Amino acid sequence: MTTTPQDLRTDQTPLAPGAPRSGTTFLGLPTAPRGVGHLRGDRSFPDAARDALRDGQLRANLGHATQTIRGKRARVVAELPDWQQLRAAGSALKAATMARLDEHLEELERQVTARGGTVHWARDAAEANRIVTDLVRATGTDEVVKVKSMATQEIGLNEALEAAGIAAHETDLAELIVQLGDDKPSHILVPAIHKNRAEIREIFLRTMPRVDADLTDEPRRLAMAARSHLRERFLRARVAISGANFAVAETGTLAVVESEGNGRMCLTLPETLITVMGIEKLVPTWPDLEVFLQLLPRSSTGERMNPYTSMWAGVTPGDGPQDFHLVLVDNGRTAVLADEVGRQALHCIRCSACLNVCPVYERTGGHAYGSVYPGPIGAVLSPQLTGVEDNASLPYASSLCGACYDVCPVAIDIPSILVHLRAEHVEAQEKPTAESVAFKALARAMSSPRLWRLAQRAAGLGRLLARGRPTMPAALPFPASAWTRSRDLPTPPAESFTAQWAREHGGRS
Amino acid sequence: MRVALFATCLVDTVVPQVARATAVLLERLGHEVVVPAGQACCGQMHVNTGYRREAVPIVANHVRAFAGAEAVVAPSGSCVASIHHQQAMVARRAGEHGLADEAEALAARTYELSQFLVDVLGVTDVGAYYAHRVTYHPTCHSLRLLKVGDRPLQLLRAVRGLELVELPGAESCCGFGGTFSVKNSDTSTAMLTDKMANVLSTHAEVCTAGDSSCLMHIGGGLSRLRSGTRTVHLAEILASTEDAVSPDQTTRPAVTA
Ligand code: SF4
């Protein structure tokens, strides 16, 4: 390892080029704009979760899928004796990269340009969509093939292209299922994790032209149907759009890691390749990939190595796309970088391990989060990209059990960021809420032994409602009702332990 | 040793028998127990709900109440984890560096019950007797933040008469999560349902853990179902002997009404 934590320049807040800055005072860095992209839901998490929890098929599909992948991951991670050191290396590398992100980005631009590519800077989703749409239009085509990419889902690129009369064909199998089913992705790695084989068969039969009418739900048959559907499009396409898992600043190399080989087809066959990448995805040097290419496949698909790793730098005459564009997207990332607690969320390599172990995600699925980034990482990333008030229920969509932190290959302390964002939300309220009034009063009581004893005695009076029964009545007013709807509440005792003790020990503490 | 008992706000107010059992146990092991009267709360609920500024005076009260204590023991993995990982952090963020240093120093002398017994006192057989079929739920903060590991199991295995049965899916969260249980009560209940299904599959009479908060959640669900399986804190089991079950400990089914 060439990077040590001492290299981290945490005293400076790094900025992407062009981000507004005034001396050392931030003028409120721009967050992802409203009205474009998929970072905001139309309902709060508890509301959306309530419906999802009632969907038995969804619960069964998700329970089965997450348990399977969890087990696979645990087995292959256990094989590596130096897993914890690898995680620490991944985490340190990311922190060091973020501390000089501006310099690395400019180096990346120089290297990509030197190798015949063109770099575009997009402040936000709207700008990125406009750049890509113009690039596609300039080629004169009206359809593109797409490699699975979270960045383009985030900015709503498919919708933008469609509005411009350009058809975007998803080529990742799971992404294709979602697209054909007119559905939304619910997982960052397996966007159709909420669908089972029978449901996929039904979608294919309904939407694929020229599909075999005897299609069964056997995985092989389904894959073959997708294959022949896609093959046609690969051969026809003149433009491909991809995301990137990594970009190496010193060499201008981009990397896409995948399992199916469909990405490889898109990255090699068309004449024009447009890669849309969040500014946080880069690593400074080539050897840095060594760490991440070990961490990523074991964490995401539970494989020792992923089947396809495609890498390219600029344009190679006579080999692959001859026109290459890299669109670097901010869309709120610089604002995330400015938050010293929250910026860790930018270290994410989108492996999805935290989704797969999350007890909340496992039950509600990804749609309840409203954003393309669901699960634990989504609960900390989406509110930061949009500004916490636009996704205020997400930081609370966690029991803080910590399973995500344990599995994260770059050791992002997600529970601590969740707690931090809850505070940011509370502190952003200008008017008192019923909750804040209650918590402030409770804080006052808990800071003064005399008031606290009075409060405890008052709580003890709650036992009168129980009329001698060991549990309180189930029908209590809100917010107690949110507990008692499904759980009994024990009847409080007449005297607290500390009061009993003081009485027995003559007031001695 | 002179041990200061931090009952925790929840135990003190709602399930005092757990603090009582902790005191009885430590005294039986030959230690002097003191219960500082000024104690209230560690501040965790405020911090985790977003009221980190409001938590600062709570932390200050805690540090004041336990000033000078040689060792502090609490029957809660969650509260001890908060004392270790959150108190100094919120104080420092509020610019209270003196308080943060004091909180850090106090945290270094603060132990969760099973850690104190096994690591500090070096005992696993506390001389308890508890003739029941028991399953153990490792609460998330004990497991992942404090890393108490198998210490509670070592203690339970040494209890005479106790039949320990393994809990399937033990490491999954029960769904309590503090205010999560109320703000996201549907998801919390879905998680609880699966935890209860696993608890009931063991046919244990008792589900135990090191946190009264999680036990109140699991026990509240089991009681609502009139299941007969009840929740009992680890301290209550360890305090039980042939002569007496721990004072106030309920050996009746949780619901008699
Ligand atoms: S936060 Fe960590 S575990 Fe979750 S997707 Fe990102 S890298 Fe993977």
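Begin by colouring chains A and B separately in this predicted model and selecting the interface, where 70 residues of chain B are in contact with 67 residues of chain A. Between them the two chains bury about 5,800 Å², and 58% of that area lies on carbon and sulfur atoms. On the side of chain B, show B:Arg20, B:Tyr51 and B:Arg224 as sticks, for these are the residues that lose the most area to chain A, together 12% of what that side buries.

Keep B:Arg224 on screen and add A:Asp488, since the two form a salt bridge in which the closest N and O atoms are 2.9 Å apart. Across the interface of chain B and chain A there are twelve salt bridges in total, along with 34 residue pairs in polar contact, counted with both residues at pLDDT 80 or more. To see which element of chain B gives the most to the side that touches chain A, select helix H12 of chain B, residues 185–201, which provides nine residues. If you then colour that whole side of chain B by residue class, it divides into 31 nonpolar, 23 polar and 16 charged residues.

Next, hide chain A and turn to the strands of chain B, starting with the open sheet of four strands whose order is E2-E1-E3-E4 and whose pairing is parallel. Strand E2 (32–34) and strand E4 (110–112) of chain B each have a single partner strand, so one side of each is left without a neighbour in the sheet. Looking along the sheet, you will find neighbouring strands turned by 35° against each other on average, direction ignored. For a closer view of one pairing, select strand E1 (residues 2–5) and strand E3 (residues 71–74) of chain B, which run parallel and are joined by three bridges; within this pair, B:Val3 has B:Ala71 in E3(B) as its bridge partner.

Now add the helices that pack on this sheet. Helix H5 of chain B, residues 77–85, touches E3 and E4 of chain B, and its direction makes about 150° with that of E4(B). Helix H8 of chain B, residues 113–120, touches E1, E3 and E4 of chain B, with its direction at about 105° to that of E4(B).

Before leaving this part of chain B, centre on B:Thr8, found in the loop between E1 and helix H1 (9–14) of chain B. Phi of B:Thr8 is near 80°, a positive value in a residue other than glycine. Most residues other than glycine have a negative phi.

Move on to another open sheet of four strands in chain B, with the order E6-E5-E7-E8 and parallel pairing. Its edge strands are strand E6 (163–165) and strand E8 (230–233) of chain B, each of which pairs on one side only, and the twist from one strand to the next averages 35°. Within the sheet, strand E5 (residues 133–136) and strand E7 (residues 206–209) of chain B pair in the parallel sense over three bridges, and B:Tyr136 stands opposite B:Thr208 in E7(B). Then display helix H13 of chain B, residues 212–224, which lies across E7 and E8 of chain B and runs at about 165° to E8(B).

Finally, bring chain A back and select A:Phe478 and A:Pro479, which are joined by a cis peptide bond with omega about 0°. A:Pro479 lies in the loop between helix H21 (463–466) and helix H22 (480–484) of chain A.

As a last stop, show the side chains of A:Glu362 and A:Arg70, which meet in a salt bridge of 2.6 Å, N to O. This pair links distant parts of the chain, 292 residues apart, with A:Glu362 in helix H15 (residues 359–364) and A:Arg70 in helix H2 (residues 56–78) of chain A. A search of the whole structure finds 41 salt bridges over all chains.

Technical notes
Residues numbered from 1 in each chain as written. Chains lettered and ligands numbered in written order. Heavy atoms only, no water. Contact = heavy atoms within 4.5 Å. Buried area = accessible area lost by both parts, 1.4 Å probe. Salt bridge = Lys/Arg side-chain N within 4 Å of Asp/Glu carboxyl O. Polar contact = N/O pair within 3.5 Å; in protein donor to acceptor, adjacent residues only side chain to side chain. Helix = DSSP H or I, 4+ residues; strand = E, 2+ residues; numbered from the N terminus. Nonpolar A, V, L, I, M, F, W, Y, C, P; charged D, E, K, R; others polar. Pairing = 2+ DSSP bridges. Axes fitted to C-alpha atoms, helices over the stretch in contact; angles between N-to-C directions.
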